[in-house]
Amino acid sequence: MTDWQGWQDSWDRQQAWYLPDREERFRVMLDVVRAHAGDRPRVLDLACGTGSITRRLLARLPGAVVTGIDLDPALLTIARGTFAGDDRVTFVAADLTAPDWPDALPYDAYDAVVTATALHWLAEEPLRTLYGRLAGLVRPGGVFLNADHMPDPATPRINAAWQAFEQERQAGEKAAGVLDWAGWWTHAAAAPELADVVRERFALLGDPISGHTGDGHVHTPDWHARALRDAGFAEARPAWASLTDALVLALR
(Lines give C-alpha, C1' and ligand atoms only; values in the text may rest on other atoms or scores of the structure.)
Protein backbone atom coordinates (compact mmCIF):
# COMPACT_ATOMS: atom_id res chain seq x y z
CA MET A 1 0.00 0.00 0.00
CA THR A 2 1.41 3.39 -1.00
CA ASP A 3 2.33 5.79 1.79
CA TRP A 4 0.74 8.89 0.28
CA GLN A 5 1.10 10.82 3.53
CA GLY A 6 4.81 10.09 3.38
CA TRP A 7 4.97 11.57 -0.11
CA GLN A 8 3.16 14.69 1.06
CA ASP A 9 5.56 14.99 4.00
CA SER A 10 8.53 14.72 1.65
CA TRP A 11 7.05 17.46 -0.56
CA ASP A 12 6.65 19.68 2.50
CA ARG A 13 10.28 19.11 3.52
CA GLN A 14 11.45 20.03 0.03
CA GLN A 15 9.35 23.20 0.01
CA ALA A 16 10.54 24.19 3.49
CA TRP A 17 14.13 24.02 2.20
CA TYR A 18 13.25 27.02 0.04
CA LEU A 19 10.81 28.60 2.53
CA PRO A 20 11.90 28.10 6.16
CA ASP A 21 9.05 30.33 7.40
CA ARG A 22 6.42 28.42 5.39
CA GLU A 23 4.51 27.22 8.45
CA GLU A 24 4.29 30.73 9.86
CA ARG A 25 2.64 32.10 6.74
CA PHE A 26 0.25 29.13 6.66
CA ARG A 27 -0.68 29.89 10.27
CA VAL A 28 -1.49 33.51 9.44
CA MET A 29 -3.42 32.42 6.34
CA LEU A 30 -5.62 30.08 8.37
CA ASP A 31 -6.12 32.70 11.07
CA VAL A 32 -7.51 35.03 8.41
CA VAL A 33 -9.80 32.32 6.99
CA ARG A 34 -11.15 31.66 10.49
CA ALA A 35 -11.63 35.37 11.20
CA HIS A 36 -13.58 36.07 8.01
CA ALA A 37 -15.23 32.75 7.14
CA GLY A 38 -15.90 31.08 10.48
CA ASP A 39 -15.13 27.52 11.52
CA ARG A 40 -17.05 25.72 8.74
CA PRO A 41 -15.91 27.51 5.59
CA ARG A 42 -16.17 26.41 1.99
CA VAL A 43 -12.62 26.84 0.67
CA LEU A 44 -10.99 26.68 -2.75
CA ASP A 45 -7.34 25.59 -2.57
CA LEU A 46 -6.02 27.13 -5.77
CA ALA A 47 -3.03 25.41 -7.43
CA CYS A 48 -3.27 23.00 -4.51
CA GLY A 49 -0.33 20.73 -5.37
CA THR A 50 -0.16 17.83 -2.92
CA GLY A 51 -2.77 19.46 -0.65
CA SER A 52 -0.39 21.08 1.85
CA ILE A 53 -2.78 23.93 2.69
CA THR A 54 -5.81 21.62 2.68
CA ARG A 55 -4.10 19.34 5.20
CA ARG A 56 -3.43 22.21 7.59
CA LEU A 57 -6.83 23.79 7.02
CA LEU A 58 -8.72 20.61 7.93
CA ALA A 59 -6.55 20.09 11.02
CA ARG A 60 -7.35 23.64 12.14
CA LEU A 61 -10.99 23.75 10.95
CA PRO A 62 -12.37 20.18 10.80
CA GLY A 63 -15.78 21.45 9.67
CA ALA A 64 -14.40 22.97 6.48
CA VAL A 65 -15.22 21.74 2.97
CA VAL A 66 -12.38 22.07 0.46
CA THR A 67 -12.03 21.97 -3.31
CA GLY A 68 -8.44 21.55 -4.50
CA ILE A 69 -7.63 22.49 -8.10
CA ASP A 70 -4.37 21.95 -9.98
CA LEU A 71 -3.05 20.89 -13.36
CA ASP A 72 -0.10 18.77 -12.22
CA PRO A 73 -1.12 15.07 -12.44
CA ALA A 74 1.70 13.88 -10.19
CA LEU A 75 0.96 16.26 -7.33
CA LEU A 76 -2.78 15.63 -7.68
CA THR A 77 -2.14 11.89 -7.42
CA ILE A 78 -0.42 12.45 -4.07
CA ALA A 79 -3.23 14.74 -2.93
CA ARG A 80 -5.97 12.30 -3.90
CA GLY A 81 -4.13 9.44 -2.23
CA THR A 82 -3.57 11.42 0.96
CA PHE A 83 -7.24 12.42 1.30
CA ALA A 84 -8.83 9.24 -0.08
CA GLY A 85 -12.09 8.56 1.73
CA ASP A 86 -12.38 12.09 3.17
CA ASP A 87 -15.69 13.41 1.83
CA ARG A 88 -14.79 16.96 2.91
CA VAL A 89 -12.30 17.21 0.03
CA THR A 90 -12.76 17.21 -3.75
CA PHE A 91 -9.90 17.52 -6.24
CA VAL A 92 -10.25 18.93 -9.74
CA ALA A 93 -7.74 18.88 -12.60
CA ALA A 94 -7.89 22.14 -14.58
CA ASP A 95 -5.72 24.82 -16.17
CA LEU A 96 -6.12 28.17 -14.41
CA THR A 97 -5.30 30.02 -17.63
CA ALA A 98 -8.25 28.42 -19.45
CA PRO A 99 -11.30 30.71 -19.65
CA ASP A 100 -13.72 28.04 -18.49
CA TRP A 101 -11.82 26.55 -15.53
CA PRO A 102 -14.43 27.67 -12.94
CA ASP A 103 -16.96 25.44 -14.72
CA ALA A 104 -15.10 22.39 -13.36
CA LEU A 105 -15.71 23.41 -9.73
CA PRO A 106 -18.45 21.78 -7.65
CA TYR A 107 -19.60 25.14 -6.22
CA ASP A 108 -20.40 28.54 -7.71
CA ALA A 109 -19.06 30.51 -4.73
CA TYR A 110 -16.55 30.10 -1.90
CA ASP A 111 -16.05 31.68 1.51
CA ALA A 112 -12.29 31.70 0.98
CA VAL A 113 -9.79 31.04 -1.80
CA VAL A 114 -6.21 30.27 -0.75
CA THR A 115 -3.01 29.70 -2.70
CA ALA A 116 0.73 29.57 -2.03
CA THR A 117 3.91 29.66 -4.10
CA ALA A 118 2.12 29.22 -7.41
CA LEU A 119 0.81 32.35 -9.09
CA HIS A 120 4.25 33.87 -9.77
CA TRP A 121 4.39 31.56 -12.79
CA LEU A 122 1.62 33.57 -14.45
CA ALA A 123 2.52 36.61 -16.55
CA GLU A 124 0.88 39.91 -15.62
CA GLU A 125 -2.16 39.84 -17.88
CA PRO A 126 -3.12 36.18 -17.17
CA LEU A 127 -2.74 36.94 -13.45
CA ARG A 128 -5.00 39.99 -13.69
CA THR A 129 -7.54 37.87 -15.59
CA LEU A 130 -7.35 35.20 -12.87
CA TYR A 131 -7.90 37.81 -10.16
CA GLY A 132 -11.02 38.96 -12.00
CA ARG A 133 -12.38 35.41 -12.12
CA LEU A 134 -11.64 34.94 -8.43
CA ALA A 135 -13.58 38.10 -7.61
CA GLY A 136 -16.56 36.35 -9.14
CA LEU A 137 -16.00 33.16 -7.11
CA VAL A 138 -15.48 34.66 -3.64
CA ARG A 139 -18.78 35.45 -1.95
CA PRO A 140 -19.37 39.02 -0.67
CA GLY A 141 -17.48 39.27 2.61
CA GLY A 142 -15.27 36.32 1.69
CA VAL A 143 -11.50 36.42 1.30
CA PHE A 144 -8.72 35.57 -1.12
CA LEU A 145 -5.21 34.89 0.21
CA ASN A 146 -2.09 34.63 -1.94
CA ALA A 147 1.25 33.71 -0.33
CA ASP A 148 4.09 33.94 -2.82
CA HIS A 149 7.48 35.34 -3.78
CA MET A 150 7.10 39.12 -3.51
CA PRO A 151 10.57 40.66 -3.09
CA ASP A 152 11.11 44.41 -2.97
CA PRO A 153 13.49 45.62 -5.71
CA ALA A 154 13.91 48.94 -3.88
CA THR A 155 16.24 47.34 -1.29
CA PRO A 156 19.06 45.71 -3.29
CA ARG A 157 21.66 45.56 -0.49
CA ILE A 158 19.20 44.06 1.98
CA ASN A 159 18.12 41.55 -0.67
CA ALA A 160 21.71 40.57 -1.50
CA ALA A 161 22.66 40.02 2.14
CA TRP A 162 19.59 37.87 2.75
CA GLN A 163 20.20 35.84 -0.40
CA ALA A 164 23.75 35.08 0.75
CA PHE A 165 22.47 34.05 4.18
CA GLU A 166 19.82 31.77 2.66
CA GLN A 167 22.31 30.16 0.28
CA GLU A 168 24.53 29.29 3.22
CA ARG A 169 21.57 27.77 5.11
CA GLN A 170 20.43 25.77 2.10
CA ALA A 171 23.91 24.44 1.45
CA GLY A 172 24.15 23.15 5.01
CA GLU A 173 20.74 21.49 4.89
CA LYS A 174 21.40 19.95 1.48
CA ALA A 175 24.67 18.49 2.76
CA ALA A 176 22.61 16.91 5.55
CA GLY A 177 20.41 15.17 2.98
CA VAL A 178 17.48 17.52 2.36
CA LEU A 179 16.13 17.22 -1.20
CA ASP A 180 15.81 20.31 -3.37
CA TRP A 181 13.28 20.73 -6.23
CA ALA A 182 15.23 18.70 -8.79
CA GLY A 183 16.16 16.04 -6.24
CA TRP A 184 12.54 15.55 -5.17
CA TRP A 185 11.35 15.11 -8.76
CA THR A 186 14.20 12.68 -9.49
CA HIS A 187 13.09 10.64 -6.48
CA ALA A 188 9.43 10.77 -7.57
CA ALA A 189 10.26 9.75 -11.14
CA ALA A 190 11.99 6.60 -9.84
CA ALA A 191 9.06 5.55 -7.61
CA PRO A 192 6.85 2.85 -9.19
CA GLU A 193 3.67 4.36 -7.75
CA LEU A 194 4.41 7.77 -9.35
CA ALA A 195 6.51 7.00 -12.42
CA ASP A 196 3.62 7.10 -14.91
CA VAL A 197 2.07 10.33 -13.65
CA VAL A 198 5.49 11.97 -13.36
CA ARG A 199 6.10 11.20 -17.05
CA GLU A 200 2.67 12.66 -17.78
CA ARG A 201 3.61 15.74 -15.78
CA PHE A 202 6.87 16.16 -17.68
CA ALA A 203 5.01 15.99 -21.01
CA LEU A 204 2.34 18.43 -19.89
CA LEU A 205 4.31 21.01 -17.88
CA GLY A 206 7.97 20.41 -18.66
CA ASP A 207 10.83 18.60 -16.96
CA PRO A 208 11.44 20.07 -13.49
CA ILE A 209 14.56 17.98 -12.87
CA SER A 210 16.61 20.62 -14.66
CA GLY A 211 15.82 22.82 -11.65
CA HIS A 212 14.05 26.11 -11.16
CA THR A 213 13.94 28.35 -14.22
CA GLY A 214 14.03 31.62 -12.30
CA ASP A 215 11.64 33.45 -10.04
CA GLY A 216 8.85 33.72 -12.57
CA HIS A 217 6.89 36.99 -12.73
CA VAL A 218 7.35 38.56 -9.31
CA HIS A 219 5.57 41.68 -8.07
CA THR A 220 5.51 43.55 -4.79
CA PRO A 221 2.70 43.07 -2.25
CA ASP A 222 1.39 46.55 -3.07
CA TRP A 223 1.17 45.64 -6.76
CA HIS A 224 -0.91 42.57 -5.91
CA ALA A 225 -3.16 44.60 -3.61
CA ARG A 226 -3.81 47.18 -6.35
CA ALA A 227 -4.44 44.47 -8.95
CA LEU A 228 -6.93 42.75 -6.66
CA ARG A 229 -8.82 45.98 -6.02
CA ASP A 230 -8.84 46.66 -9.75
CA ALA A 231 -10.28 43.16 -10.26
CA GLY A 232 -13.26 43.83 -8.01
CA PHE A 233 -12.18 43.15 -4.43
CA ALA A 234 -13.30 45.80 -1.94
CA GLU A 235 -10.15 45.86 0.17
CA ALA A 236 -6.66 44.36 -0.21
CA ARG A 237 -3.44 44.59 1.79
CA PRO A 238 -0.39 42.59 2.88
CA ALA A 239 -1.17 40.37 5.87
CA TRP A 240 2.31 38.93 6.51
CA ALA A 241 5.79 39.35 5.04
CA SER A 242 9.34 38.05 5.22
CA LEU A 243 12.31 39.55 3.38
CA THR A 244 11.43 37.64 0.20
CA ASP A 245 7.81 36.51 0.45
CA ALA A 246 4.46 37.93 1.48
CA LEU A 247 0.84 37.00 2.09
CA VAL A 248 -1.68 39.34 0.46
CA LEU A 249 -5.26 39.39 1.72
CA ALA A 250 -8.20 40.61 -0.38
CA LEU A 251 -11.75 41.05 0.95
CA ARG A 252 -14.66 40.73 -1.46
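Two strands pair if DSSP finds at least two bridges between them. Helices (H or I, at least four residues) and strands (E, at least two) are DSSP runs, numbered from the N terminus. With that in hand, let's start the tour. This is a predicted model, where local features need pLDDT of at least 70, side-chain atom pairs count only at pLDDT 80 or more, and totals for chains, interfaces and linings use all residues. Residues are numbered from 1 along each chain as its sequence is written, and side-chain values use heavy atoms, with hydrogens and water left out.

**Stop 1: the sheet**

Select the strands. You will find an open sheet of 7 strands in the order 3-2-1-4-5-7-6, with mixed pairing. Strand 3 (89-93) and strand 6 are its edges, each pairing on one side only. From one strand to the next, the twist averages 20° (axes are lines fitted to C-alpha atoms, for helices over the stretch in contact, and angles run from 0 to 180 degrees between N-to-C directions).

**Stop 2: strand 7 and its neighbours**

Now pick residues 245-251, which are strand 7. On one side, 6 bridges join this strand to the antiparallel strand 6 (residues 235-241). The two form a hairpin with 3 residues between them, and Ala241 stands opposite Ala246.

Strand 7 also pairs with strand 5, antiparallel over 7 bridges. Which residue of strand 7 is the bridge partner of Ala147? Select Leu247 to see that partner. Leu145 has Leu249 as its bridge partner in strand 7.

**Stop 3: a β-α-β unit**

Keep Leu145 selected and add Val114, which stands opposite Leu145. Here strand 4 (residues 110-116) and strand 5 (residues 138-149) pair in the parallel sense over 6 bridges. Add helix 5 (residues 124-137): strand 4, helix 5 and strand 5 make a right-handed β-α-β unit. Right-handed means that, with the strands pointing away from the viewer, the path from the first strand over the helix to the second runs clockwise.

**Stop 4: helix 2 meets helix 3**

Finally, show helix 2 (residues 22-37) and helix 3 (residues 52-60), which pack at an angle of about 55° with their axes 10 Å apart. That makes helix 2 oblique to helix 3 (angles under 35 degrees count as roughly parallel, over 145 as roughly antiparallel, 65 to 115 as roughly perpendicular and the rest as oblique). Residues in the contact (heavy atoms within 4.5 Å) include Phe26 and Leu30 of helix 2 and Ile53 and Leu57 of helix 3.
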